[in-house]
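Please follow this walk through the structure with the coordinates open beside the text, pausing at each residue as it is named.

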Amino acid sequence: MHIPDGMLSPSVVVATGVVAAAGFLVGVRGLERRLRDRTTVLMGTMAAFIFAAQMVKFPVGPGVAGHLMGGTLAAVLLGPWAGAVVIGAVLIVQCFLFGDGGLMALGANFINMGLIGAVGGYAIYAPIRRAIGGQRGVLLGAIVAAWFTVLLGAGAFAIELAASGFGKFPMVLGWMALVHAAVGVGEALITGLVLRFLLLTRPDLIQDAEPVPASKTIRWGQVAAAGLIVALSVAVFLGPLALLWDRPDGLEFVMERLGLGEGGSSPLPSPIPDYQMPGLQHVQAATAAAGLVGTLVVFVIGLTLARAFARGVPEGVRPDVA
């Protein structure tokens with residue numbers, strides 16, 4: 001659900017840009033209260049995994065496909081604001097390196113997928129988790145939140161488009177809600193499967209998990225290596241499969257259906273346009289190479305942000321959720 005350039009008016013671009021910048025700064029400042037090693041590793045691996053997973057499309061209906069947004073998943077592992085920073089890092093790399101999502105629409109995309117996906121998703125997830133409790137609460141809360149955040153993000157886009165003077169709001173909202181209700185099912189299933197795997201293997205990676213016994217040492221280097229290997233595998237082996245589903249995503253489908261165009265070209269050239277590595281003739285190989293590069297770049301950015309801003313907390317003090 002990446003908005004391209006040319007679809008939002010200048011006033012909406014400015015407004016969403018200001019809100020997005022403020023939200024991103026709040027998230028970055030919140031990293032100062034986080035455990036440094038844990039935050040560094042999880043921000044890097046989650047950014048890499050979400051980037052790679054977003055390359056993989058899944059069919060949701062005739063002529064339309066969806067992909068993971070990942071905000072709720074990031075928030076469950078990292079907390080709402082750190083999760084939003086992860087999505088912001090992914091969106092920045094997608095925009096500047098691959099031309100996926102417009103530069104002028106970067107603020108709106110961060111609001112729709114980062115702030116709504118992670119901060120809004122955590123607001124839905126947390127009370128459900130507390131009410132049900134245990135691992136079941138984590139799983140059900142995340143599944144419900146993941147589905148709702150896709151709908152909320154779709155609704156936010158309808159508002160942004162209407163404020164820009166394009167399309168009739170009820171019509172756009174209706175189509176966006178209809179299509180993204182199906183996309184949300186895929187989001188919820190992927191989020192649930194990933195968390196189910198983590199709950200079975202590494203429940204200590206979940207935000208607010210039970211403290212790890214003093215006798216058990218978490219080897220964060222191994223966690224980072226394992227997470228990066230998984231992300232790279234998804235990007236290299238599953239990313240090219242998106243070519244088999246040559247269908248527009250939910251937003252593109254609605255725009256085509258309503259005759260609202262496809263947006264304009266980006267003012268900045270993309271080094272790796274459309275996830276195709278220049279110089280490689282084989283399409284699948286070019287996609288795999290682009291995914292490999294993008295995953296590594298996002299991983300490094302996630303690590304760097306956490307290392308730069310996560311200052312740690314005193315021994316025995318529980319960090320604030322951020």
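L238 counts as partly exposed because its relative accessibility is 38%, a value that falls between the 20% limit for buried and the 50% limit for exposed. In this predicted model, L238 has its place in helix α8, which covers residues 220-238. Together with F237, L241 and L244, L238 makes a nonpolar surface patch of about 430 Å².

From that patch we may turn to the interior, where the reader can look for nonpolar residues of another kind of setting. In soluble globular proteins, nonpolar side chains tend to be buried together. The largest nonpolar core here has 96 residues, and L195 and I206 are the two that touch the most other members. Helix α4 supplies the largest share of this core, with 12 residues. When neighbours within four places in sequence are left aside, I206 is in contact with L195 itself, with the nonpolar residues V76, L77, Y125, V138, L198 and L199, and also with R38 and R129.

Helix α4, which spans residues 80-98, is also where Q94 lies. Is Q94 buried or exposed? Its relative accessible area is 1%, so Q94 is buried, the limit for that class being under 20%. The side chain of Q94 makes a polar contact with the side chain of H2, at 2.7 Å. Not counting residues up to four places away in sequence, Q94 touches H2, F51, Q54, G99, D100 and Y275, so that the partner in the polar contact, H2, appears among these residues as well.

The charged side chains offer a last topic. Side chains of opposite charge can pair when their charged atoms come close. How many salt bridges does the structure hold? There are two. In one of them, E32 pairs with R29, and the closest N and O atoms are 3.5 Å apart. E32 counts as partly exposed because its relative accessibility is 32%, whereas R29, at 54% relative accessibility, counts as exposed. In the other, R202 pairs with D204, with the closest N and O atoms 2.8 Å apart. R202 has a relative accessible area of 26% and is therefore partly exposed, while D204, at 12% relative accessibility, counts as buried.

Notes. Residues are numbered from 1 along each chain as its sequence is written. This is a predicted model: local features need pLDDT of at least 70, side-chain atom pairs count only at pLDDT 80 or more; totals for chains, interfaces and linings use all residues. Side-chain values use heavy atoms; hydrogens and water are left out. Patches are made of residues with over 30% relative accessible area and no salt bridge: like charges are joined within 9 Å, nonpolar side chains (Val, Leu, Ile, Met, Phe, Trp, Tyr) within 5 Å. Accessible areas come from the Shrake-Rupley method with a 1.4 Å probe; for residues, only the protein chains shown count as cover. A salt bridge is a side-chain nitrogen of Lys or Arg within 4 Å of a carboxyl oxygen of Asp or Glu. Helices (H or I, at least four residues) and strands (E, at least two) are DSSP runs, numbered from the N terminus. Buried means under 20% relative accessible area, exposed over 50%, partly exposed in between (1.4 Å probe, protein chains only). A polar contact is a pair of N or O atoms within 3.5 Å; within protein, one must be able to donate a hydrogen and the other to accept it, and residues adjacent in sequence count only if both atoms are side-chain atoms. Contact means heavy atoms within 4.5 Å. A nonpolar core is a set of buried Ala, Val, Leu, Ile, Met, Phe, Trp, Tyr and Cys residues joined through side-chain atoms within 4.5 Å.
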